[in-house]
Amino acid sequence: MDQPSRAILIADDHPLFRQALKQSLSLFMEDTLWLEADSADSLEKLLTHEPAIDLVLLDLQMPGSRGYSTLIHLRSHYPAIPVMVISAHEDGQTVSKAIHYGAQGFIPKSAQPQQLADALQLVLDGELYLPPGMEGVTDEAQGEDDIGARLAELTPQQYRVLQMFAEGLLNKQIAYELDVSEATIKAHATAIFKKLGVRNRTQAVIALQGLDMDNKPV
């Protein structure tokens, strides 16, 4: 059997939404391998073990992700893989920040399957996609002194440790989860603080929270 011509990874924590999305998109995008991730951690593992992914369709809000943090991480460490954000938010600020942080496209979850398939193909072809009427929002977030550039400097392991800080885990717990020594976690912490320009884990978590979405979907 021939291999699919492309692989698209759907990163969203709602299994019913992922299933519906795959079924509807398959009608318009044949010869596609569909992969799924339900958290920032599972997304990272898939990207590590499936190097031939052609595009990530990313929900901004998943377990282990703080707003735009996963998008920033993807663009920093997997720059060759285009990312299209799919979100329940449709406001100009969300669209603007998504593009500012490196997304090659943005589409609301309310979009029809044909529109979404066309948007995905456009991004796969190397173009930028924005929803109709949103073409002028891409400059709104420019010039912000945000945490994004500093977060992008973290290694994948440092990023994971920072996520665990945000979850309130102690160094000892993080060391156990990552199967490393507590001294290694302390070294990661020191590097994280230096790269983020903060003094301690509380300030690091506050900086990460700056990437949270302003509004939560209902």
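**Entry 1: Asp59 and Lys109**

Is Asp59 buried or exposed? I looked this up in a predicted model. Asp59 counts as buried, because its relative accessibility is 6% and the cut-off for buried is under 20%. I then looked for a partner of Asp59 and found a salt bridge with Lys109, in which the closest N and O atoms are 3.2 Å apart. Asp59 sits in the loop between β3 (55–58) and α3 (69–77), and Lys109 in the loop between β5 (105–108) and α5 (113–124), so the pair ties together parts that are 50 residues apart in sequence. I noted Lys109 as partly exposed, since its relative accessible area is 26%. Salt bridges with shared partners join Asp12, Asp59 and Lys109 into one network.

I also checked Lys109 against the aromatic rings. Lys109 lies over the face of Phe17, at 4.6 Å from the ring centre.

**Entry 2: Asp41 and its partners**

How many salt bridges does the structure hold? I recorded six salt bridges. As background, I wrote down that side chains of opposite charge can pair when their charged atoms come close.

I turned next to Asp41. The side chains of Asp41 and Lys45 meet in a salt bridge, at 3.4 Å from N to O. Both residues belong to helix α2 (residues 40–49) and stand four residues apart, about one turn of the helix. Asp41 is partly exposed, as its relative accessibility is 29%. Lys45 is also put down as partly exposed, because its value is 45%.

Asp41 has a salt bridge with Arg160 as well, and there the closest N and O atoms are 3.5 Å apart. This pair links distant parts of the chain, with Arg160 in helix α7 (residues 156–166) and Asp41 in helix α2, 119 residues apart. I entered Arg160 as partly exposed, since its relative accessible area is 26%.

**Entry 3: The largest pocket**

Which residues lie nearest the centre of the largest pocket? I found Ala40, Asp41, Glu44, Lys45 and Arg160 there, out of 15 residues that line the pocket. Asp41, Lys45 and Arg160 had already come up in my notes on salt bridges. The elements that give two or more residues to the lining are α2, α3 and α7. The largest share, seven residues, comes from α2. I noted a volume of about 170 Å³ for this pocket.

**Entry 4: Aromatic pairs**

I then searched for paired rings. A pair of aromatic rings is described by the distance of the centres and the angle of the planes. The count came to two aromatic pairs.

Tyr68 and Tyr101 form a tilted pair, with 5.4 Å from centre to centre and 45° between the planes. Tyr68 is in the loop between β3 and α3, while Tyr101 is in the loop between α4 (92–100) and β5; the two are 33 residues apart, and the pair links distant parts of the chain. Tyr68 is buried, because its relative accessible area is 4%. Tyr101 likewise counts as buried, as its relative accessibility is 11%.

Phe165 and Phe193 form a pair that is also tilted, at 6.4 Å from centre to centre and 35° between the planes. Phe165 lies in helix α7 and Phe193 in helix α9 (residues 182–196), so this pair ties together parts that are 28 residues apart in sequence. I recorded Phe165 as buried, since its relative accessibility is 4%. Phe193 is buried too, because its relative accessible area is 16%.

**Entry 5: Leu58**

With which residues is Leu58 in contact, leaving aside its neighbours within four places in sequence? I listed Ala11, Leu43, Thr70, Leu71, Leu74, Val83, Met84, Val85 and Ile86. Leu58 has its place in strand β3. It is buried, as its relative accessible area is 0%. I took one contact, Leu71, for a further check: Leu58 and Leu71 are 13 residues apart in sequence and 7.8 Å apart in space, from C-alpha to C-alpha.

**Entry 6: Lys22**

Is Lys22 buried or exposed? I entered Lys22 as buried, because its relative accessible area is 17% and the cut-off is under 20%. Lys22 lies in helix α1 (residues 15–26). Leaving aside its neighbours within four places in sequence, I found Lys22 in contact with Ile10, Trp34 and Glu36.

Key:
Residues numbered from 1 in each chain as written. Predicted model: local features only at pLDDT ≥ 70, side-chain atom pairs only at ≥ 80, totals over all residues. Heavy atoms only, no water. Buried < 20%, exposed > 50% of the residue type's maximum accessible area, 1.4 Å probe, protein only. Contact = heavy atoms within 4.5 Å. Salt bridge = Lys/Arg side-chain N within 4 Å of Asp/Glu carboxyl O. Phe/Tyr/Trp six-rings, centres within 6.5 Å; stacked < 30°, edge-to-face > 60°. Lys NZ or Arg CZ within 6 Å of the ring centre and 35° of its normal. 1 Å grid on protein atoms, 1.4 Å probe; cavity = no way out; pocket = protein on both sides within 12 Å on 5 of 7 lines; lining within 4 Å. Points joined across faces, edges and corners; volume = space filled by probe spheres on them.
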